[in-house]
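Trainee: I would like a close look at a single part of this model. Please take one residue and work outward from there.

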Amino acid sequence: MTHQDNNQQQSGYSTTALVDQYLNKAIEMGASDIHIEPESDSVRIRLRIDGILREVERLPTNILDNLVSRIKVLANLNISETRKPQDGRFDIKKQQPIDLRVSIMPTSFGEAVVIRLLDQSNLILTFNELGLDEEQKEIFYKMIKKPYGLILVTGPTGSGKTTTLFSVLNNINSIEKCIVTLEDPVEYHLPLLRQTQIDERGGFGFARGLRSLFRQNPDVIMVGEIRDRETADIVIQAAMTGHLVLSTLHTNDSVGALIRLKEMGLEKFLITSATSGIIAQRLVRKICPDCKVPYDPPSEILESLGLADDTSTYYKGSGCTFCHASGFRGRTGIYEILQLSQDINKLVYQDVSWRQLYDAAIKQGMQTLRQSGLKKVKAGITTLEEIIRVTQ
């Protein structure tokens, strides 16, 4: 018996069994992440389900080192290194192979671990599943059917941007097109695509990768994220020279992307000439269909949304075993799609404020994130509280 095994027996925990237990529980509950968080007197285990972290257990602190070591072995990381962050990955075989991305970070009370679960079978690949309404789908289709131009998807981390991009790629993917991607990391794989993972530490970033991609004679280019002026310049040039370019920006809304591109130092005429459209999005939790019941929302919520006189029926989940007593099961997207028109382009040239741009976009018919969300509330898909949480 090894010293580690002896320690595990004395503590009453088998490290291997614990790791397997949490992986199986995360898969069973549909979690996207497992968080192992050391504190002064315990180790907290949390699962992120439908975007919300839930605590599932607390362990004694003496199990932490063995637990982290087991995960390091699985992810092929350095067991003896405890003072520097480490990133790794491993796979497990279930009904479908599941890719697990591991991030280990030293903290005051020991090493914290986050394991992200990427299940290829859960990737949404059709527009109908994304949550776009019919009007939004029509606008989006027009954008992606163009042979050139830049389409940006914006939103915070975890808002489903990658899923939207891959749904677009799947929609336009064909044997007649050369589609290449630059990603950090490559999370999902599609047939026919040539997918490349960048390596910033090794000097192979988005800008350098883009220059190399042009020699691959692509029709469509997907860049995981525009992070700097250099990458933005190349993306804009690609969109103006016959390529359809898809990418993401970390801005709160669609209009904010135009402001961000200007702040990067891009010429206004390049922004307006190259950009076909900007999609802002969020993910909202869906009411569990097995415990869905009508209810009366608090009057202050209705008033805050201008719905005080609304006579619609509202729904919520009462909580059941299928949704683990949360009242929610699964998520869907809400969207805000900005089409660049002559009026919007003129305002970009005039350096007007965000508010003026946003008001002009609404005036020309843009549906806001909150309006998109309220449609889903009226359809009985989600709750008013959820829309306020996501769009406040």
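Trainee: Leaving aside its neighbours within four places in sequence, which residues is L338 in contact with?

Mentor: This is a predicted model, and what follows should be read as such. Beyond the neighbours within four places in sequence, L338 is in contact with M143, S254, V255, L258, G277, I278, I344, A361, Q364 and M366.

L338 belongs to the largest nonpolar core, which has 43 residues. The residues with the most contacts inside this core are L152, L258, L338, I344 and L357. Helix α8 (residues 229-240) supplies the largest share of the core, six residues. A second core of 30 residues is separate from this one, and L18, V19, Y22 and I63 are among its members.

L338 lies in strand β15 (328-339), and β15 is part of an open seven-stranded sheet with mixed pairing, in the order β9-β8-β10-β11-β7-β12-β15. Both β15 and β9 (194-197) are edge strands with a single partner each, so each has one side without a neighbour in the sheet. On average, neighbouring strands here are turned by 20 degrees against each other, direction ignored. Further into the order, β10 (residues 220-223) and β11 (residues 244-249) pair in the parallel sense over four bridges; within that pair, I221 has V245 of β11 as its bridge partner.

Two helices touch the β15 end of the sheet order. Helix α14 (residues 369-378) packs on the sheet against β12 (275-287) and β15, and its direction makes about 140 degrees with that of β15. Helix α15 (residues 384-391) also lies across β12 and β15, running at about 135 degrees to β12.

Two of the contacts of L338, I344 and A361, lead to another helix pair. Helix α12 (residues 342-349) packs with helix α13 (residues 354-363) at an angle of about 175 degrees, their axes 10 Å apart. The two helices are therefore roughly antiparallel to each other. On the α12 side the contact is made by I344, L347 and V348, and on the α13 side by Q356, L357, A360 and A361. By class, this contact has six nonpolar residues, one polar and no charged ones. I344 and L357 thus appear both in this helix contact and among the core residues with the most contacts.

Technical notes. Residues are numbered from 1 along each chain as its sequence is written. This is a predicted model: local features need pLDDT of at least 70, side-chain atom pairs count only at pLDDT 80 or more; totals for chains, interfaces and linings use all residues. Side-chain values use heavy atoms; hydrogens and water are left out. A nonpolar core is a set of buried Ala, Val, Leu, Ile, Met, Phe, Trp, Tyr and Cys residues joined through side-chain atoms within 4.5 Å. Buried means under 20% relative accessible area, exposed over 50%, partly exposed in between (1.4 Å probe, protein chains only). Contact means heavy atoms within 4.5 Å. Axes are lines fitted to C-alpha atoms, for helices over the stretch in contact, and angles run from 0 to 180 degrees between N-to-C directions. Angles under 35 degrees count as roughly parallel, over 145 as roughly antiparallel, 65 to 115 as roughly perpendicular and the rest as oblique. Ala, Val, Leu, Ile, Met, Phe, Trp, Tyr, Cys and Pro count as nonpolar, Asp, Glu, Lys and Arg as charged, and the others, Gly among them, as polar. Two strands pair if DSSP finds at least two bridges between them.
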